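Hi,

Here is the structure I promised to pass on. Have a look at it first, then read my notes below.

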Amino acid sequence: MKYVRNYLGAVSILPILLAACNAAAPTAAPEQARSQEAPAVTEEAIPVTGGSLQALDLPEPQAGAEMKWYDQSTLVFVPPGDAIMGGLENVPEYTVSLSGYWIYKYNVTNGMYRQCLESGACDSPAQEPPYPAVNRPDLKDFPVIGVTWGQAQAYCQWMDARLPTDAEWEKAARGENGNLYPWGESEPSCDLANIAGCRQGTTRVNEFPAGASPYGVFDMAGNVFEWVGDWYSPDYIPDVDNPRGPESGDQRVVRSSAYNSGADFLPAANRFKLQPDAYRADLGFRCVVHDPQGFAPFCQTNAYVPLPTDSDEVPACEPPVPTIDVTSYCIDRSTGTGGANVRLGDVYAGFGFTVGDCEHDYAVGGLVCSGPENSTVPVTVSTSCDLPGDDLIFPTCDAGYTLAGDACEYTGPPTGTDASCPSGAYYSAEEEACISIASSQSCPEGYAYDAALGCCGANYTEPQEPAESYSFCPVGYVYNYFALADSSYCSQPYPQLDVEFAVQLGDCPDIGRDGGGTCSLTSNDCPQGVDSKNCVCW
């Protein structure tokens, strides 16, 4: 793999069956494949042309070195050398030799995949239940699911990448010593991975740092299974050098394990198989960038606001404990239906409601709940820390970009010793410079090269609804609006506190139910008003 400094800058896969059983799929049978055809793709990454490379005698990246990529992902470097494969029951241990490569630190997320959708380079993943919409802001950092092998490969090719080979995936998961699990030899736990008995579904891709592999790759066990590039064959004898699997087949290799996986599925040497046109709610993917050409820099990116590292600069950030004010009343005496209005108490900080039999009502300033009289309704209130004021907002840009309003505009290749390198470059402490892995005038689909500016500009329009769907932010960042600064930036989310309350619905008194007696309901019982004739609340 050649490494270049930007010339303007500072310049055998063994026939392994399932562990513990010979099942044909990771867990239950996969969902039925979609009738629509997967996009046409090739096994190799799409060639990228343009831009001459100036090879320099530069040090190879350190193992585990990180580099931003153009879809706001993070790449991790896996150095060349031997990889220990296999070693499970009935699977002899063997060794292959691999060239160096860059692998996605995280699974491809909904936020990343949405960019590919909007650019026109990708087809939509499954959208029927239980598959979520990829533009949901609250699921931006969750792994994209419901994708076929062809869709996964098409995404990787959009980013000048490809799916990892079976051997590349296993080396990135186990390290050069061939660990049993990505984190080592210790028993699995809910602190290390999202596995059976821990959560009820997928989690954010950056949620388990303690379970990262020796190279710092996340979720190589748990959360979601992962497509890899190889065809599956029980009789395949691997090459010693850079094995790529059989030339053809009917099924593709699947790696890793998922949120519903038991102990037998968790060792990193496990291999599974699945029809390439299948898709599942527990199956995602990540990409590998091998000997990349890269792209020209993007003309514009989002500014970001990292939290200050000096604790003295940041006020204590503990979400306030929420309180609620509840007014209970009778809705319909004849049916015994009670109600309640729920308002947030004296906590002003950002909040949200998660409700059952309640609806948001702006006139009430909270929720209106209904149900059988005297029953309770669960309501969860979420609070977070106040966002910092103007004096604590310091939006920044990657090297080579200048802040212009809410965005960062490309001004030229990075210079100096700034360690915040742009996409396609990693920081070398030895060189004290951003080292570009390539130099190119090519752009991914959805972008066009601007020769005057020397960068790639988007030629598609970002959707405006929902407003929060614009999520071109790295994993772990959210697109926040800072009212005092009247600007929006990518920032790290502040801690959140969720508190559940049992809201008591009102009682419907007997008086007036049979038409006799005097109605005793008042405005305190019926905030919306009293129907005196029928002695019920409006």
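Which residue takes a positive phi in the hairpin of S19 and S20? That would be glycine 405, with a phi near 70°. Before I go on, keep in mind that this is a predicted model.

The hairpin has two residues between its strands. Its two arms are S19, residues 401-404, and S20, residues 407-410, and they pair in the antiparallel sense over four bridges. If you want a spot to find on screen, look for threonine 402, which stands opposite glutamate 409 in S20.

Now for the disulfides. A quick reminder: a disulfide is a covalent bond between the sulfur atoms of two cysteines. The structure holds 10 of these links, and I picked out a few for you.

One of them joins cysteine 156 and cysteine 287, with the sulfur atoms 2.1 Å apart. The link is left-handed, with -85° about the S-S bond. This pair ties together distant parts of the chain, 131 residues apart: cysteine 156 sits in helix H2 (residues 149-158), while cysteine 287 is in the loop between strands S9 and S10. Both cysteine 156 and cysteine 287 are buried.

Another disulfide connects cysteine 190 to cysteine 198, at 2.0 Å from S to S. That link is left-handed too, with -85° about the S-S bond. Is cysteine 190 buried or exposed? Neither label fits: cysteine 190 counts as partly exposed because its relative accessibility is 40%, and that class lies between under 20% for buried and over 50% for exposed.

Then there is the disulfide of cysteine 473 and cysteine 490, whose sulfur atoms are 2.0 Å apart. It is left-handed, with -80° about the S-S bond. Cysteine 473 lies in the loop between strands S24 and S25, and cysteine 490 is in strand S26, 17 residues apart. Cysteine 473 is buried, and cysteine 490 is as well.

That brings us to S26 itself (residues 487-491). Five of its five residues are buried. In a regular strand the side chains alternate between the two faces of the sheet. You can follow this here: Ser487, Tyr489 and Ser491 point one way from S26, and Ser488 and Cys490 point the other way.

S26 also has a neighbour to pair with: strand S12 (residues 304-305) runs alongside in the parallel sense, over two bridges. There, tyrosine 304 has cysteine 490 as its bridge partner. So cysteine 490 turns up twice, in a disulfide with cysteine 473 and in a bridge with tyrosine 304.

Cheers

Conventions
Residues numbered from 1 in each chain as written. Predicted model: local features only at pLDDT ≥ 70, side-chain atom pairs only at ≥ 80, totals over all residues. Heavy atoms only, no water. Pairing = 2+ DSSP bridges. Disulfide = S-S within 2.5 Å. Buried < 20%, exposed > 50% of the residue type's maximum accessible area, 1.4 Å probe, protein only.
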